[in-house]
Amino acid sequence: TPDVRPLVAGNWKMNGTGDSLDELRTIVNRPNSAIGGKIDALICVPATLVFRAAQSVSGEALNIGGQDCHAKRSGAHTGDISADMLKDAGASHVIVGHSERRTDHGETDNMINAKARAAWDAGLIAIICIGETEAQREAGSTLGIIGGQLAGSVPDGASASNTIVAYEPIWAIGTGLTPTAADVREVHASIRSTLTRRLGADGERMRILYGGSVKPANAVELLGVENVDGALVGGASLKAADFLAICEAY
Ligand code: PEP
């Protein structure tokens, strides 16, 4: 998208201990990478690593994010993490509504909407994930599903500076399968027009990331698609070399 600075975001999921911080140091120590120059970069680490990750890349162009937050600021919610806690630990972003959260924890568009608002209240940028299942794609209902998820999970008040949308077809996550560039173009164009209709200029400038089996070998093609403003990368974000190679698509 013209005038939109691309973002390559990693999602480590439930992977990583203290040793993994070396990968972050490798990313920031790579000379002449696109990070901080042509693009922004972010790694969403497990909650246990947010503080150490943020300390270890402090002052560098690499941002650190969380993978989920609770909708409430505090209280009797054993085991949950609030957006304020992530912010306090050094996060700048948080993923909400990842399909694994929707599936494993029964998260609904309404819950994700509340989590995105909690993220904003804490000063975090919300990365709101949407995407269709394989059955929904085969039934031809992808654009309808995406439209419903956008309407339900993107709160009023969303702006290009507080929200990022990630389109992640569920059947492409962790499977090695990807949609064709033409399919990605169609979905991203639909997301763009929905966001622009609802949010005006903010919708025109909001980043729309593609996620689902992005790797060095397909990054140039997928990230070159119109209205693809970066990637959300799972498996290939675990190794600095792969993450950096994806960033080299720019
Ligand atoms: C993800 O977890 O958001 C993701 C896209 O995973 P992968 O890149 O491994 O498909």
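# Reading strands, helices and the ligand shell

Mentor: Let us begin with one pair of residues, G65 and H93, for G65 stands opposite H93 in strand β4. Please keep in mind throughout that this is a predicted model.

Trainee: In which sense do β3 and β4 pair, and over how many bridges?

Mentor: When you read a pair of strands, look at the direction of each and then at the bridges between them. Here β3 and β4 are joined by two bridges, and their pairing is parallel. On the way from β3 to β4 the chain passes through helix α3, in a β-α-β crossover that is right-handed.

Trainee: How many of the residues of β3 are buried?

Mentor: To judge this, count the neighbours around each residue, taking 20 or more other C-beta atoms within 10 Å as the mark of a buried one. In β3, five of its five residues are buried, and the strand is mostly covered. The cover lies over both faces, with L62, I64 and G66 buried on one side and N63 and G65 buried on the other.

Trainee: Which strand is joined to β3 by four bridges?

Mentor: That is β2, which runs parallel to β3, a strand made of residues 62-66. You can find one point of this pairing by looking for I43, which stands opposite I64 in β3. Between β2 and β3 the chain goes through helix α2, residues 50-56, and this β-α-β crossover too is described as right-handed.

Trainee: Why is β2 said to be largely enclosed by the rest of the structure?

Mentor: The reasoning is again a count: five of the five residues of β2, which covers residues 40-44, are buried, so the strand is largely enclosed by the rest of the structure. If you look at one side of β2 you meet D40, L42 and C44, and on the other side A41 and I43, all of them buried.

Trainee: How many bridges join β1 to β2?

Mentor: Five bridges join them, and β1, residues 7-11, runs parallel to β2. As a landmark for this pairing, take V8, which stands opposite A41 in β2. The path from β1 to β2 leads through helix α1, residues 21-29, as a right-handed β-α-β crossover.

Trainee: Now for a helix: what span should α5 have, and what is the distance between its end C-alpha atoms?

Mentor: The idea is to compare an expected span with the one in the model. Helix α5, residues 109-121, has 13 residues, which at 1.5 Å a residue should span 18 Å, and since its end C-alpha atoms are 18 Å apart, the two agree.

Trainee: Which residues of α5 are buried?

Mentor: A general point helps first: an α-helix has 3.6 residues a turn, so residues three or four places apart point the same way. In α5 the buried residues are I112, N113, K115, A116, A118 and A119. Among the elements that cover them are α3, β4, β5, α7 and β6. Just after the helix comes G123, with a positive phi of about 85°.

Trainee: Which residues other than glycine have a positive phi?

Mentor: Most residues other than glycine have a negative phi. Two cases to look at here are D3, with a positive phi of about 70°, and K13, with a phi near 50°. D3 is placed in the segment before β1 and is exposed, because 7 other C-beta atoms lie within 10 Å. K13 is in the loop between β1 and α1, and with 19 other C-beta atoms within 10 Å it counts as partly exposed.

Trainee: Is G203 buried or exposed?

Mentor: G203, which lies in helix α9, has 22 C-beta neighbours inside 10 Å and therefore counts as buried. Once neighbours within four places in sequence are set aside, G203 is in contact with L195, T196 and R198. For contrast, consider V220 in helix α10, which is exposed, with 12 other C-beta atoms within 10 Å. V220 and E248 are 28 residues apart along the chain, and their C-alpha atoms are separated by 8.4 Å.

Trainee: Finally, which residues come nearest to the ligand?

Mentor: Of the 14 residues around the ligand, I173, G174, G211, G234 and G235 come nearest. When you read such a shell, sort its residues by character: here there are five nonpolar, seven polar and two charged.

Technical notes
Residues are numbered from 1 along each chain as its sequence is written. This is a predicted model: local features need pLDDT of at least 70, side-chain atom pairs count only at pLDDT 80 or more; totals for chains, interfaces and linings use all residues. A residue is near a molecule or strand if its C-beta atom, placed from the backbone, lies within 6 Å of it. Ala, Val, Leu, Ile, Met, Phe, Trp, Tyr, Cys and Pro count as nonpolar, Asp, Glu, Lys and Arg as charged, and the others, Gly among them, as polar. Two strands pair if DSSP finds at least two bridges between them. A crossover is right-handed if, with the strands pointing away from the viewer, the path from the first strand over the helix to the second runs clockwise. The expected span of a helix is 1.5 Å times one less than its number of residues. Two residues are in contact if their C-beta atoms, placed from the backbone, lie within 7 Å.
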